[in-house]
Every structure is written in C-alpha cells, then in structure tokens.
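Let's take a walk through this one together. Have the chain open in your viewer and follow along.

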Amino acid sequence: EIGTLKGFDQTINLILDESHERVFSSSQGVEQVVLGLYIVRGDNVAVIGEIDEETDSALDLGNIRAEPLNSVVH
C-alpha cells in the first residue's frame, strides 16, 4: 500500500491515510485501487519508505507492465 503515515505503535502496526494499492499486470497498465484510511498489522510489514513525490508523479503508470507474483504457499 501507498499512503500517508498517520501513526504507528511498538509492534509496527501502521495507520495509513489516503492510501491506495498499485496492482501490476502483464497485459495492461498499473491499476490503482483506492483504500482510504487503512490499518496494517505490524507482522505484515516488510518495508517502510518515503516516496519522492516528484519522481512518483513523473511515472507513466499506464505503460508499466509486470508479471504477477506467484501465490504464497504455506
């Protein structure tokens, strides 16, 4: 998810506002799914980083293609 970090706690539970998910496809551009206010459990967090808004807004998401990830098997 991509959003504005509004809060976190000692177990890295996150509160993201104005969040969205970018869904990549091998046949069409990137779809952005609006999530709004979103709470992420800390044990699901792998990476937290800051996005350069100028670089991000310059991306042409309509022309980016990517192969989908395989399902996770437990």
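Which residue in β2 is the bridge partner of isoleucine 2? It's histidine 20. Keep in mind that we're looking at a predicted model, so everything here is read off computed coordinates.

Move along β1 and you'll find another contact of this kind: leucine 5 has leucine 16 in β2 as its bridge partner. Taken as a whole, β1 and β2 (residues 14-23) are joined by five bridges in the antiparallel sense. The two strands form a hairpin with five residues between them, and in that hairpin isoleucine 12 adopts a positive phi near 65°.

Now for the other side of β2. Here β3 pairs with β2, again in the antiparallel sense, over eight bridges. One spot to click on is isoleucine 15, which sits opposite isoleucine 39 in β3. Put the pieces together and you get an open sheet of three strands, ordered β1-β2-β3, with antiparallel pairing. β1 (2-8) and β3 (31-40) are the edge strands, and each has a single partner, so one side of each has no neighbour in the sheet. Ignoring direction, neighbouring strands are turned by 20° against each other on average. As general background, strands of a sheet pair through backbone hydrogen bonds.

Next, the pocket. The largest one has a volume of about 830 Å³. It is lined by 22 residues, and those closest to its centre are Glu1, Ile2, Gly3, Gly49 and Ile51. So we meet Ile2 again, this time by the pocket centre. β1, β2 and α1 (53-58) each supply at least two lining residues, with β2 giving the most, five residues. Sorted by class, the lining comes out as 11 nonpolar, five polar and six charged residues.

What about charged pairs? The structure holds two salt bridges. In one of them, arginine 22 pairs with aspartate 56, with the closest N and O atoms 2.9 Å apart. That pair ties together distant parts of the chain, since arginine 22 belongs to strand β2 and aspartate 56 to helix α1, 34 residues apart. Is arginine 22 buried or exposed? Its relative accessibility is 18%, and the cut-off for buried is under 20%, so arginine 22 counts as buried.

The other salt bridge joins the side chains of arginine 41 and aspartate 43, at 3.2 Å from N to O. Here both arginine 41 and aspartate 43 are exposed, whereas arginine 22 is buried.

Notes
Residues numbered from 1 in each chain as written. Predicted model: local features only at pLDDT ≥ 70, side-chain atom pairs only at ≥ 80, totals over all residues. Heavy atoms only, no water. Pairing = 2+ DSSP bridges. Helix = DSSP H or I, 4+ residues; strand = E, 2+ residues; numbered from the N terminus. Axes fitted to C-alpha atoms, helices over the stretch in contact; angles between N-to-C directions. 1 Å grid on protein atoms, 1.4 Å probe; cavity = no way out; pocket = protein on both sides within 12 Å on 5 of 7 lines; lining within 4 Å. Points joined across faces, edges and corners; volume = space filled by probe spheres on them. Nonpolar A, V, L, I, M, F, W, Y, C, P; charged D, E, K, R; others polar. Salt bridge = Lys/Arg side-chain N within 4 Å of Asp/Glu carboxyl O. Buried < 20%, exposed > 50% of the residue type's maximum accessible area, 1.4 Å probe, protein only.
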